[in-house]
Amino acid sequence: MELIRKQVRMNQMGKTVTDQFMIGGDYNVPDAKSDVGRVLSGEGSLRIEETRRVENYLRVTGKLNFKVLYVTDSGDPRPGALEGMIPFEEMVYMEEENGEGEDIVQVQRVECGVSLIHSRKLAVKALAEMTVHTEQITEKQVTLDVDGEEGIYLKKCPVELLQLFTAKRDIYRIKEEIKIPGTKENIGTLLWTEVSSRKMDTRLVQDAMLINGELQIFVLYESQEGKTDWVEQTVPYEGRIECAGAEEGMYHHVYDRLDDISVEVRMDEDGEMRALGIEAALQVRLFVYGEEKLELLEDAYSLDKKCVLETEEVVVEELLMQNHSKSKITERLSLPELKDEILQVCHSSADLQIEKMEVQDGGILAEGILNVSFLYVKANDEVPFGVWKGMVPFSAMLECREGSSDMKYDVTYAVEQLAVDLAGNDEVEIKAVVAFRSFMRKEKKIQMVTEAALVDYEKEERMNQPGIVGYIVKDGDDLWSLAKKYSTTEESILLNNELLSKELKTGDKILIFRESLSIL
């Protein structure tokens with residue numbers, strides 16, 4: 001007997017390991033920079049450069065890129081900024097030695113602190129958290145039918161399998177230009193820049209994925225006359241990433257990260273330094289899935305010969321839900337330490353820190369912290385700017401009606417909107433919108449037929465098979481099993497007992513005739 005089979009591709013993920021570690025060091029202020037009088041803010045980000053397996057460890061190397069906003073130590077205090085980097089190496093313990101597949105490292109958060117040693121030296125410390133897991137594209141065979149045999153009765157199981165069609169990495173390069181408003185002074189020196197991606201959306205079309213979103217751009221600068229000013233604008237972007245085999249109606253899940261961000265001052269059409277060129281690389285890791293309805297071979301038998309089957313358990317996946325949802329966060333904070341100090345909020349930023357994800361009835365409960373910071377103008381000429389940092393707790397339910405404790409899920413999240421407004425002398429109101437993209441699926445275990453053969457019955461074995469059986473239906477009996485056991489067909493049992501349905505009731509009394517002895 002020749003089996004007809006089909007390949008099913010899946011993305012198999014290993015166990016996730018969470019690793020926290022410290023990075024730090026002293027940093028000498030470059031000669032070209034002014035003396036540091038007071039540190040206002042320090043921010044850091046990790047750049048992973050290389051990963052390599054060393055026995056039961058994954059060696060991760062890269063750099064901590066940091067930037068510092070400070071007030072100069074001079075008779076006329078003004079904002080200053082500097083950037084630097086500190087190399088790091090971290091050994092992450094992995095349970096499996098030299099696990100198969102690709103090691104995926106994802107940076108979850110970086111908490112960077114900068115303190116003043118003296119006017120020409122800073123101490124930089126950062127707490128970094130990253131997760132590591134392996135991913136491997138696997139192919140499994142499922143059996144659909146039997147080819148080239150007559151007189152074989154087949155039992156099939158209808159399923160709707162989730163199959164991976166494409167997994168790829170790509171980079172979409174964003175290049176935009178903005179012009180500062182006419183009320184702003186010409187740009188002399190850039191002090192602090194911040195560029196983030198907001199409201200990113202993706203859509204599959206034929207052989208491609210379309211991307212659109214917004215760049216949120218903030219620039220603090222010193223004018224050519226030595227005055228401090230700032231500009232904040234939103235710039236839309238859109239693009240296309242080639243993805244062979246993709247079609248509308250397929251499902252997809254995207255991991256994205258904005259990297260290699262560059263902001264430079266440019267001349268406008270009048271030859272004045274009033275334009276900003278922004279370049280960034282949107283790193284994309286894309287998975288495209290499709291659902292396919294199949295009928296899998298579950299069992300088989302023959303009336304004339306013994307059908308010998310070999311089976312093994314195969315684990316496949318079914319889609320539960322692809323869910324794009326948004327959650328609003330609103331919080332009013334009392335900040336007595338800033339009373340009568342804030343004149344104006346210049347800029348605010350936030351990132352989401354997920355502390356726990358728990359499967360509950362109705363979906364996944366996500367709990368965590370919104371880390372918020374804002375730059376403001378102070379009512380103090382000696383120190384004209386200040387930075388406040390704080391946390392706002394949040395929780396959100398990612399809906400999935402068929403969710404269960406053993407389901408698998410991939411969730412990405414981002415802050416889409418943020419506003420920090422003054423609500424009084426010592427109060428601020430924080431409003432944010434957080435977007436979640438979740439892809440939920442469950443494993444399905446199937447006893448798959450892997451080998452099948454027809455062999456002749458032994459003569460004595462055939463003679464011992466009863467020709468007629470009076471049978472009382474027991475709990476758990478079904479028509480297929482009885483037909484196979486007593487060498488007949490489901491149709492024959494239905495016909496001989498004048499049954500209208502294949503559903504048998506416990507306690508029913510039926511007659512079963514071996515097919516060659518059927519009497520009508």
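A residue is taken as buried when its relative accessible area is under 20%, and in this predicted model 47% of the 520 residues of the protein chain meet that description. The accessible surface of the chain amounts to about 27,100 Å², with carbon and sulfur atoms contributing 43% of that area. The secondary structure consists of three helices and 21 strands. The radius of gyration of the protein chain is 33 Å, whereas the globule rule gives 24 Å for 520 residues, so the chain is more spread out than a compact globule. Along the principal axes, the C-alpha atoms occupy a box of roughly 110 × 50 × 45 Å. Among contacts in the protein chain with a separation of 6 or more, 77% are accounted for by residues 24 or more positions apart. The chain carries 62 positive and 100 negative charges, and the mean positions of these two sets are 1 Å apart.

Twelve aromatic pairs are present in the structure. One of them joins Tyr-153 and Tyr-301 in a stacked arrangement, with 5.3 Å from centre to centre and 20 degrees between the planes. Tyr-153 belongs to strand S8 (residues 152-179) and Tyr-301 to strand S13 (residues 275-302), so this pair ties together parts of the chain that are 148 residues apart in sequence. With a relative accessibility of 30%, Tyr-153 counts as partly exposed, whereas Tyr-301, at 4%, counts as buried. A stacked pair is also formed by Tyr-289 and Phe-439, because their ring centres are 4.8 Å apart and their planes lie at 25 degrees, an angle that falls under the 30 degrees set for stacking. Tyr-289 is located in strand S13 and Phe-439 in strand S19 (residues 427-455), so the two rings tie together parts that are 150 residues apart in sequence. Both rings belong to buried residues, Tyr-289 having a relative accessibility of 3% and Phe-439 one of 0%. Ring pairs further link Tyr-153 and Tyr-301 with Trp-480 into a cluster.

Strand S14 (residues 306-334) contains Ser-327, and Met-321 lies in strand S14 as well. Ser-327 is buried, its relative accessible area being 13%. When residues up to four places away in sequence are not counted, Ser-327 touches Ser-395 and Ala-396, together with Ala-432, Val-433, Val-434 and Phe-436. With residues up to four places away again not counted, Met-321 touches Glu-399, Cys-400 and Arg-401, as well as Ser-438, Phe-439 and Met-440. Phe-439, a contact of Met-321, is thus also a member of the stacked pair with Tyr-289. By contrast, the C-alpha atoms of Met-321 and Ser-196, residues that are 125 positions apart along the chain, are separated by 29 Å.

Towards the start of the numbering, Leu-3 is found in strand S1 (residues 2-13) and counts as buried at 15% relative accessibility. Leaving aside neighbours within four places in sequence, Leu-3 is in contact with Thr-143, Asp-145, Val-146 and Leu-297, and also with Val-449, Thr-450, Glu-451 and Ala-452. For Leu-3 and Ala-452, which are 449 residues apart along the chain, the separation between C-alpha atoms is 7.5 Å.

Methods
Residues numbered from 1 in each chain as written. Predicted model: local features only at pLDDT ≥ 70, side-chain atom pairs only at ≥ 80, totals over all residues. Heavy atoms only, no water. Helix = DSSP H or I, 4+ residues; strand = E, 2+ residues; numbered from the N terminus. Rg over C-alpha atoms; globule rule 2.2 N^0.38 Å. Buried < 20%, exposed > 50% of the residue type's maximum accessible area, 1.4 Å probe, protein only. Contact = heavy atoms within 4.5 Å. Areas by Shrake-Rupley, 256 points an atom, 1.4 Å probe, with all protein chains shown as cover. Lys, Arg positive; Asp, Glu negative; His and termini not counted. Charge placed at Lys NZ, Arg CZ, Asp CG, Glu CD. Phe/Tyr/Trp six-rings, centres within 6.5 Å; stacked < 30°, edge-to-face > 60°.
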